[in-house]
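Biologist: I have a two-chain model in front of me and would like to learn how to read it. Where should I begin?

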Amino acid sequence: MADVHLNKEAVDASDEMAAMRRARWDLISATIRYALLFAVGFLMLYPLIWLVGASFKTNSEIFSGAGFLPESPTLDGYVKGWQTSTPYTFGRFFWNSFLIILPKVIGTAISCTMAAYAFARFDFPFKKVLFGSVIAVLLLPNVVTRIPQYILFRDLGWLDTFLPLWVPSALAGDAFFVFMLVQFLRSLPRDMEEAARVDGANSLQTLVFIVVPMLAPALISVCLFQFMWTMNDFLGPLIYISSVDKYPVSLALKLSIDTTEAFEWNRILAMSVLTITPALVVFFAAQRYFIEGISAGGRKG
Amino acid sequence: MARVQLRNLEKIYGGTLKAVHGINLDIRDGEFMVLVGPSGCAKSTTLRMIAGLEEISGGEIIIGDRRVNDLPPAKRSIAMVFQNYALYPHMKVRGNLAFGLRITGRPRAEIDAAIEQVARILEIEPLLDRLPKQLSGGQAQRVALGRALIKKPGVFLFDEPLSNLDAKLRASMRVRITDLHRELKAEGLSSTVVYVTHDQTEAMTMGDRICVMESGRIMQVATPKELYNNPANLFVAGFIGMPEMNLMDGAMEGGDFVVGSQRLPMGGDLAGRLSVRPQQVVLGIRPQHLSLADGGPALKARLTNAEFMGHEVYLHADCEGHRLVSVVGAPEFEDIGRREFIHLRPSFDSLHIFDRSDGRNVSLRGGSLAA
């Protein structure tokens with residue numbers, strides 16, 4: 001009896017030891033994993049971190065080392081960068097970007113939703129051919145259409161205006177977004193729309209009151225993509241905008257490189273930080289919906 | 001008036017695939033009509049055509065005294081309850097109920113009063129400020145019902161509304177829906193119901209009349225009792241009834257039914273009921289009408305299995321290569337005990353004889369046929 005008791009204690013003790021060993025091993029393994037993740041993450045983010053750090057450095061300090069912490073932090077880059085070498089402040093360029101982005105994003109959301117709704121839910125003549133051409137446009141390299149587009153907009157008298165930069169997108173010109181929304185719509189059950197029709201809603205009311213709220217995650221992704229891509233678009237404004245007072249931020253950044261002989265890197269970096277800030281803020285604010293939107297688009301219907 | 005008439009109604013997909021073959025059906029005002037049939041029999045398609053969600057390829061649909069072929073769903077005076085409820089996920093229950101009235105521009109006070117009334121009837125008052133995802137299946141079902149009820153339509157269309165619920169809830173919702181139908185009728189409100197289901201229990205317990213469909217054709221329209229007692233053809237005979245009716249291929253020879261080496265003299269009123277006397281027939285016996293016998297005219301069968309169901313036992317037997325099922329009382333089975341061969345005697349008054357060439361029931365009482 002006593003033996004059994006002792007044995008039981010020994011077994012308990014060895015169990016406890018094994019549990020402790022396992023716990024210690026789990027801790028070590030977690031530490032290694034997180035350290036590795038942190039190191040790789042840091043490595044990938046380093047350019048961004050360096051950019052932010054360097055924007056507070058003096059010009060001479062920027063190239064003196066690879067560290068990101070400024071020795072004597074200064075706002076000089078921001079203050080002088082904001083003034084720019086032109087008669088306009090950087091605020092003007094932000095405003096210009098805003099004037100392109102706002103109609104473009106709103107127009108894209110509305111027009112792509114309507115186009116996608118039509119493709120996903122209605123039967124009309126030549127639907128397959130038309131949808132095929134949407135996909136074909138998706139596969140077409142942008143550069144192919146640059147010259148015909150330029151000639152078209154020139155003939156319309158739209159050069160040196162914001163119109164060529166947002167009107168095509170506001171007319172569902174971005175095949176990628178139409179395709180993305182069509183895929184998302186296909187994964188949504190039709191019952192709700194049918195219920196709305198029985199309830200007396202017409203197609204437009206069904207779209208606005210029933211489909212759009214269900215489409216929200218995908219629409220947020222569309223708006224985010226459009227916002228970020230427009231903010232980053234360099235070639236479009238470069239081709240169509242010639243007056244400095246109409247430059248968006250992407251061109252304005254390049255402007256500060258062009259016009260000075262010795263580049264004021266801290267100003268460029270400071271303005272770069274300001275330029276990416278809106279995109280970062282919007283992305284993190286809408287991150288949850290954004291991920292929901294792009295992942296749900298791939299769900300099978 | 002909310003009588004629904006289908007006249008030569010057709011549905012053809014892609015120009016060639018005929019899903020509904022020119023069906024005719026007259027659903028009376030205030031009637032609870034159940035469309036029942038196996039998957040793919042076009043019962044849902046028919047319902048969706050009545051609703052206006054599916055285009056009509058041919059024929060006519062008349063609701064009340066209006067031909068509604070070209071009217072949109074909203075103008076047909078119908079309300080529909082969908083299989084998976086189809087509640088608007090972003091609207092609260094209140095919004096779901098109100099949507100149909102709001103979209104047609106009813107005044108706010110009227111909408112609020114209607115919501116209150118419907119919520120009271122369906123006992124969903126505490127749920128009004130919840131989102132659909134916060135509801136259980138049964139609650140969502142009641143809200144879907146409320147959304148139909150609030151419109152005060154002429155015709156209610158139900159598309160397998162209980163199939164997503166568990167068995168217990170289904171049974172209680174069944175009673176609730178029939179109660180509701182009766183109450184509406186008692187209040188003099190228009191309450192024609194067209195109810196689609198594949199579940200024959202629902203069909204038998206809920207319908208005033210049942211329309212049995214198969215491959216886009218109507219097989220029989222009759223009251224549940226009539227359908228059970230007088231199936232017009234082999235399909236209805238096999239579809240309605242639990243367990244399924246026993247069907248045996250055989251021949252009629254001089255008033256006897258001959259199957260394999262066995263000969264069963266036809267007794268009761270059967271001989272008088274036969275409208276024609278085909279040679280090759282199918283004998284139909286409901287398991288409930290097949291009892292254990294010690295002698296006399298009976299079918300000898302080899303007992304293969306006995307399922308104990310509580311107060312009764314399902315006996316599975318093999319008779320001349322045909323599988324027979326007989327439902328007998330548990331004590332009766334215990335008396336007889338387990339043995340290899342049993343004798344099963346049909347109740348001759350409840351026998352059915354089908355013409356094997358076209359499946360028609362030639363032994364109908366009073367010559368009753370599909371309406």
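Modeller: Begin with the secondary structure of one chain. Chain A has 13 helices and zero strands. Keep in mind throughout that this is a predicted model.

Biologist: What pattern does chain A follow along the sequence?

Modeller: The pattern is α-α-α-α-α-α-α-α-α-α-α-α-α.

Biologist: How do I read the overall dimensions of such a chain?

Modeller: One way is to set the radius of gyration against that of a compact globule. For 301 residues such a globule would be near 19 Å, whereas chain A has 28 Å. The spans along the principal axes add to this: the C-alpha trace of chain A covers about 100 × 70 × 35 Å.

Biologist: Into which domains is chain A divided?

Modeller: Domain 1 of chain A runs over 2-76, and domain 2 over 83-297. Taken over C-alpha atoms, the centres of these two domains of chain A are 39 Å apart.

Biologist: How many residues does each domain of chain A give to the contact between them?

Modeller: Domain 1 of chain A gives nine residues and domain 2 of chain A gives seven. On the domain 1 side, the elements that supply two or more residues are α1 (2-54) and α2 (59-62) of chain A. The largest share of that side is from α1(A), with three residues. Sorted by class, the domain 1 side has four nonpolar, three polar and two charged residues.

Biologist: And how is chain B divided?

Modeller: Chain B has domain 1 at 4-229 and domain 2 at 244-367. The centres of these two domains of chain B, over C-alpha atoms, are separated by 39 Å.

Biologist: How should I describe an interface between two chains?

Modeller: The size of an interface is often given as the accessible area lost when the parts come together. Here I can offer residue counts instead. The contact between the chains takes 13 residues from chain A and 17 residues from chain B. On the chain A side, α9 (191-199) and α10 (203-232) are the elements that give two or more residues. The most comes from α9(A), with seven residues. By class, the chain A side has seven nonpolar, two polar and four charged residues.

Biologist: Next, helix packing. What are the angle and the axis separation for α4 and α7 of chain A?

Modeller: Helix α4 (residues 90-121) and helix α7 (residues 163-170) of chain A pack at about 15°, and their axes are 7 Å apart. An angle under 35 degrees counts as roughly parallel, so α4(A) is roughly parallel to α7(A). The crossing of α4(A) past α7(A) is right-handed.

Biologist: Which residues of α4(A) and α7(A) meet?

Modeller: From α4(A) they are I100(A), P103(A), K104(A), G107(A), T108(A) and S111(A); from α7(A), L165(A), W166(A), S169(A) and A170(A). This contact divides into five nonpolar, four polar and one charged residues.

Biologist: What about helix packing in chain B?

Modeller: Take α4(B) with two partners in turn. Helix α2 (residues 93-103) of chain B and α4(B) have axes that come within 8 Å and cross at roughly 25°, and α2(B) and α4(B) are therefore roughly parallel. The crossing is right-handed. V93(B), N96(B), L97(B) and G100(B) of α2(B) meet V143(B), G146(B) and R147(B) of α4(B). The classes in this contact are three nonpolar, three polar and one charged.

Biologist: Are α3(B) and α4(B) parallel or oblique to each other?

Modeller: Helix α3 (residues 108-122) and helix α4 (residues 137-149) of chain B pack at about 135°, with axes 10 Å apart. These two helices, α3(B) and α4(B), are therefore oblique to each other. The crossing of α3(B) past α4(B) is right-handed. V118(B), A119(B) and L122(B) of α3(B) make the contact with R142(B), L145(B), G146(B) and L149(B) of α4(B). By class there are five nonpolar, one polar and one charged residues.

Biologist: Which backbone details should I look at?

Modeller: Look at peptide bonds and phi angles. The bond from M242(B) to P243(B) is cis, with omega near -10°. P243(B) lies in the loop between α8 (234-239) and β11 (246-253) of chain B. In chain A, F126(A) has a positive phi of about 60° although it is not a glycine. F126(A) is in the loop between α4 and α5 (127-139) of chain A.

Note on methods
Residues are numbered from 1 along each chain as its sequence is written. Chains are lettered from A and ligands numbered from 1 in the order in which they are written. This is a predicted model: local features need pLDDT of at least 70, side-chain atom pairs count only at pLDDT 80 or more; totals for chains, interfaces and linings use all residues. Two residues are in contact if their C-beta atoms, placed from the backbone, lie within 7 Å. Helices (H or I, at least four residues) and strands (E, at least two) are DSSP runs, numbered from the N terminus. Ala, Val, Leu, Ile, Met, Phe, Trp, Tyr, Cys and Pro count as nonpolar, Asp, Glu, Lys and Arg as charged, and the others, Gly among them, as polar. Axes are lines fitted to C-alpha atoms, for helices over the stretch in contact, and angles run from 0 to 180 degrees between N-to-C directions. Angles under 35 degrees count as roughly parallel, over 145 as roughly antiparallel, 65 to 115 as roughly perpendicular and the rest as oblique. A crossing is left-handed if the near helix is turned anticlockwise from the far one by less than a right angle, and right-handed if clockwise. Domain bounds come from an automatic or database domain assignment. The radius of gyration is taken over C-alpha atoms; the globule rule is 2.2 Å times the number of residues to the power 0.38.
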